[in-house]
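I have a new structure open today, and I am keeping notes as I go. Here is what I looked up, step by step.

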Amino acid sequence: MPMFKRIFFLSLVWVFFSLSLIRAEVYLSPEEAIGKIFPDYQYYKTQAHTLEEQKLDVWTVLLGEKILGWAVALNEKGMKEPISFLVGIDVEGNVLDVYVLEYREPHGSEITRPAFLSQFYGKTVNSPLVVGQDIDGVTQATISSKSAAGAVKKALRIIDDLRKNPPNA
């Protein structure tokens with residue numbers, strides 16, 4: 001009987017450890033995040049773009065025929081797993097908001113907090129977006145903090161390109 005208890009206990013430990021490694025915390029869908037960033041929008045148009053061989057989904061957010069801004073969804077590598085972000089950018093190229101859509105790492109989820117994400121507000125394609133320079137990283141989540149800064153930088157680059165070279169131009 002003691003051997004059975006030992007095997008059962010070790011099996012439970014293995015199951016809980018495995019589940020903690022593969023858990024993914026889904027916070028918002030892209031559509032929910034777009035609604036929070038652009039509460040007055042009527043509809044959006046979705047396009048797929050590629051930047052540095054990475055697929056990005058870009059939503060052009062509209063009120064009637066007027067563009068309110070863009071939302072860019074992308075994955076950035078965390079320590080071991082990708083982190084899904086959505087970045088809202090206005091027509092002037094300024095960051096309006098950043099949301100973590102899905103966080104898959106076992107540690108560092110503090111980057112999902114508004115206290116961290118709010119520091120991206122107003123950043124532009126010309127902002128350094130460097131952790132330790134114009135972005136304060138989260139203690140013991142340095143890689144995740146850098147992933148967030150990288151996601152915002154990529155989103156700003158793709159929107160800067162769209163603003164300079166509109167698809168219908």
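My entries below go from the whole chain to single residues.

**Entry 1: How far to trust it**

I began with confidence, since this is a predicted model. The mean pLDDT of the chain is 89, and 85% of the residues reach 70 or more. Which stretch stays under 50 in pLDDT? I found that residues 12-21 do. For that stretch the model has 3 contacts beyond four places in sequence. Where pLDDT is low, the predicted coordinates should not be read in detail. I therefore take no detail from that kind of region.

**Entry 2: The overall layout**

Next I went through the secondary structure. I noted 4 helices and 6 strands in the chain. Along the sequence they follow the pattern α-β-α-β-β-β-β-β-α-α. The chain has 169 residues, and 39% of them count as buried. I also looked up how contacts are spread over the sequence. Among contacts with a separation of 6 or more, 48% join residues 24 or more positions apart.

**Entry 3: The nonpolar cores**

How many residues does the largest nonpolar core have? I have 31 written down. Ile-111 and Phe-120 are the residues with the most contacts inside this core. The elements that each give two or more residues to this core are strands E3 (54-63), E4 (66-77), E5 (82-90) and E6 (95-103), along with helices H3 (114-117) and H4. Helix H4 gives the largest share of this core, 9 residues. Apart from this core lies another, of 13 residues. Leu-28, Ile-37, Val-61 and Ala-73 are among the residues of that other core.

I then picked Phe-120 for a closer look. Leaving out residues up to four places away in sequence, Phe-120 touches Val-95, Val-98, Leu-129, Ile-135, Ala-148, Ala-149 and Val-152.

**Entry 4: Two residues on helix H4**

Helix H4 covers residues 142-164, and I chose two of its residues to follow. Ser-147 sits in H4. Is Ser-147 buried or exposed? Its relative accessibility is 4%, so Ser-147 counts as buried. Beyond its neighbours within four places in sequence, Ser-147 is in contact with Glu-76, Lys-77, Gly-78, Ile-83 and Phe-85.

Ile-158 also has its place in helix H4. Its relative accessibility is 6%, so I wrote Ile-158 down as buried. With residues up to four places away set aside, Ile-158 touches His-49, Thr-50, Leu-51, Leu-56, Val-58 and Val-72. I looked up one C-alpha distance here too: Ile-158 and Val-125 are 33 residues apart along the chain, and their C-alpha atoms are separated by 9.3 Å.

**Entry 5: The loop between H3 and H4**

I moved on to the loop, starting with Leu-129, which lies between H3 and H4. Leu-129 has a positive phi of about 50° although it is not a glycine. Its relative accessible area is 7%, so Leu-129 is buried. I had already met Leu-129 among the residues that Phe-120 touches.

Gln-140 is in the loop between H3 and H4. Gln-140 has a positive phi of about 60°, and it is not a glycine. Why does Gln-140 count as exposed? It counts as exposed because its relative accessibility is 75%, and the cut-off for exposed is over 50%.

Gly-137 is found in the loop between H3 and H4. At 37% relative accessibility, Gly-137 counts as partly exposed. Not counting residues up to four places away, Gly-137 touches Phe-116, Val-131 and Ser-145. The C-alpha atoms of Gly-137 and Ala-148 are separated by 9.6 Å, with the two residues 11 apart along the chain.

**Entry 6: The second largest pocket**

My last stop was the second largest pocket, which holds about 180 Å³ of space. Which residues line this pocket? My list reads Met-79, Lys-80, Tyr-103, Glu-105, Pro-106, His-107, Gly-108, Gln-140, Ala-141, Thr-142, Ile-143 and Ser-144. By class, I have 5 nonpolar, 5 polar and 2 charged residues in the lining. Helix H4 gives the largest share of the lining, 3 residues. Gln-140, from my loop entry, is one of the lining residues.

Methods. Residues are numbered from 1 along each chain as its sequence is written. This is a predicted model: local features need pLDDT of at least 70, side-chain atom pairs count only at pLDDT 80 or more; totals for chains, interfaces and linings use all residues. Side-chain values use heavy atoms; hydrogens and water are left out. pLDDT is the predictor's confidence in each residue, from 0 to 100. Contact means heavy atoms within 4.5 Å. On a 1 Å grid over the protein atoms alone, a cavity is a set of points where a 1.4 Å probe fits but cannot get out, and a pocket is an open set with protein on both sides within 12 Å along at least five of seven lines; lining residues have an atom within 4 Å of a point. Grid points are joined across faces, edges and corners, and a volume is the space filled by probe spheres set on the points. Ala, Val, Leu, Ile, Met, Phe, Trp, Tyr, Cys and Pro count as nonpolar, Asp, Glu, Lys and Arg as charged, and the others, Gly among them, as polar. A nonpolar core is a set of buried Ala, Val, Leu, Ile, Met, Phe, Trp, Tyr and Cys residues joined through side-chain atoms within 4.5 Å. Buried means under 20% relative accessible area, exposed over 50%, partly exposed in between (1.4 Å probe, protein chains only).
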